[in-house]
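Me: I should like to learn how to read the local features of a protein model, one at a time. Could you take me through them, giving the general idea and then the case at hand?

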Amino acid sequence: MGAGLHVNPLSLDFGYVLSGTTSSAQIVTIRNTGPSTLTNFAGGGVYAPFSASQDCAGGVPPGESCNYFFTFSPTSTGTFST
């Protein structure tokens, strides 16, 4: 039986962010609904002007969750996506 990996939300919208400023962090929660600890999973790899950090180091035990924190820091005007 494998571990269950549920992610919420599946997409982020930072809305309008002024050039030269940083958005508030948006949080994506990873919840383990399976019977074993989640380890060695990838996520959060983004490129400028987006950034990410997380508190998932060491794995996620059954019934527990961890979070990825994403911010957006544009240096020019325009529409951005990743």
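Reply: The turns below treat aromatic pairs, a disulfide, selected residues, a surface patch and cis peptide bonds in this predicted model.

Me: Let us begin with the aromatic rings. How is a ring pair described, and how many aromatic pairs does a search of the whole structure find?

Reply: A pair of aromatic rings is characterised by two quantities, the distance of the centres and the angle of the planes. Here the search of the whole structure yields five aromatic pairs. One of them joins F14 and F50, whose ring centres are 5.9 Å apart and whose planes make an angle of 45 degrees, a tilted arrangement.

Me: Why does the pair of F14 and F50 tie together separate parts of the chain?

Reply: One looks at where each partner sits. F14 is in the loop between strand 1 (5-8) and strand 2 (26-32), whereas F50 belongs to strand 3 (residues 50-54), so the pair ties together parts that are 36 residues apart in sequence.

Me: Are F14 and F50 buried or exposed?

Reply: The cut-off needed here is that buried means under 20% relative accessible area. F14 has 16% relative accessibility and therefore counts as buried. F50, with a relative accessible area of 13%, is buried as well.

Me: Which kind of aromatic pair do Y68 and F70 form?

Reply: Y68 and F70 are stacked: the centres are 6.3 Å apart, with 20 degrees between the planes. The stacked label follows because planes under 30 degrees apart count as stacked. Y68 is buried at a relative accessible area of 8%, and F70 is buried at 13%.

Me: Which residues do ring pairs link into a cluster?

Reply: The cluster consists of F14, F50, F72 and F80, linked by ring pairs. The tilted pair of F14 and F50 described above thus has both its members in this cluster.

Me: I turn to the disulfide. What is the general idea, and how many does a search of the whole structure find?

Reply: In general, a disulfide is a covalent bond that joins the sulfur atoms of two cysteines. The search of the whole structure finds one. C56 and C66 form this disulfide, with their sulfur atoms 2.0 Å apart.

Me: Why is the disulfide of C56 and C66 assigned its handedness?

Reply: The torsion about the S-S bond is the quantity to read. For C56 and C66 that torsion is about 90 degrees, so the disulfide is right-handed. As for its place in the chain, C56 lies in the loop between strand 3 and strand 4 (65-72) while C66 lies in strand 4, so the pair ties together parts that are 10 residues apart in sequence. C56 is buried, at a relative accessible area of 7%, and C66 is buried too, at 3%.

Me: How should I read the surroundings of a single residue? What does S53 contact when its neighbours within four places in sequence are left aside?

Reply: One may combine place, accessibility and contacts. S53 is part of strand 3 and, at 41% relative accessibility, is partly exposed. With those sequence neighbours set aside, S53 is in contact with N67, Y68 and F69. Y68 is the member of the stacked pair with F70 discussed earlier.

Me: Where are S23 and T22, and what do they touch?

Reply: S23 is in the loop between strand 1 and strand 2, and T22 has its place in that loop too. S23 is buried, with a relative accessible area of 12%. Apart from residues within four places in sequence, S23 is in contact with F14, V17, T71 and F72. On the same basis, T22 touches V17, T71, F72 and S73. T22 and F72 are 50 residues apart along the chain, yet their C-alpha atoms are separated by 5.6 Å.

Me: Which residues make the nonpolar surface patch of about 300 Å²?

Reply: L5, V7 and L10 make this patch. L5 lies in strand 1 and is partly exposed, with a relative accessible area of 42%.

Me: Finally, which form, cis or trans, does the peptide bond take from N8 to P9 and from A48 to P49?

Reply: The omega angle is the value to read. From N8 to P9 the bond is cis, with omega near -5 degrees; P9 lies in the loop between strand 1 and strand 2. The bond from A48 to P49 is cis also, with omega near 15 degrees, and P49 is in the loop between strand 2 and strand 3.

How values were computed: Residues are numbered from 1 along each chain as its sequence is written. This is a predicted model: local features need pLDDT of at least 70, side-chain atom pairs count only at pLDDT 80 or more; totals for chains, interfaces and linings use all residues. Side-chain values use heavy atoms; hydrogens and water are left out. Rings of Phe, Tyr and Trp (its six-membered ring) pair if their centres lie within 6.5 Å; planes under 30 degrees apart count as stacked, over 60 as edge-to-face and the rest as tilted. Helices (H or I, at least four residues) and strands (E, at least two) are DSSP runs, numbered from the N terminus. Buried means under 20% relative accessible area, exposed over 50%, partly exposed in between (1.4 Å probe, protein chains only). Patches are made of residues with over 30% relative accessible area and no salt bridge: like charges are joined within 9 Å, nonpolar side chains (Val, Leu, Ile, Met, Phe, Trp, Tyr) within 5 Å. Accessible areas come from the Shrake-Rupley method with a 1.4 Å probe; for residues, only the protein chains shown count as cover. A salt bridge is a side-chain nitrogen of Lys or Arg within 4 Å of a carboxyl oxygen of Asp or Glu. Contact means heavy atoms within 4.5 Å. A disulfide is a pair of cysteine sulfur atoms within 2.5 Å.
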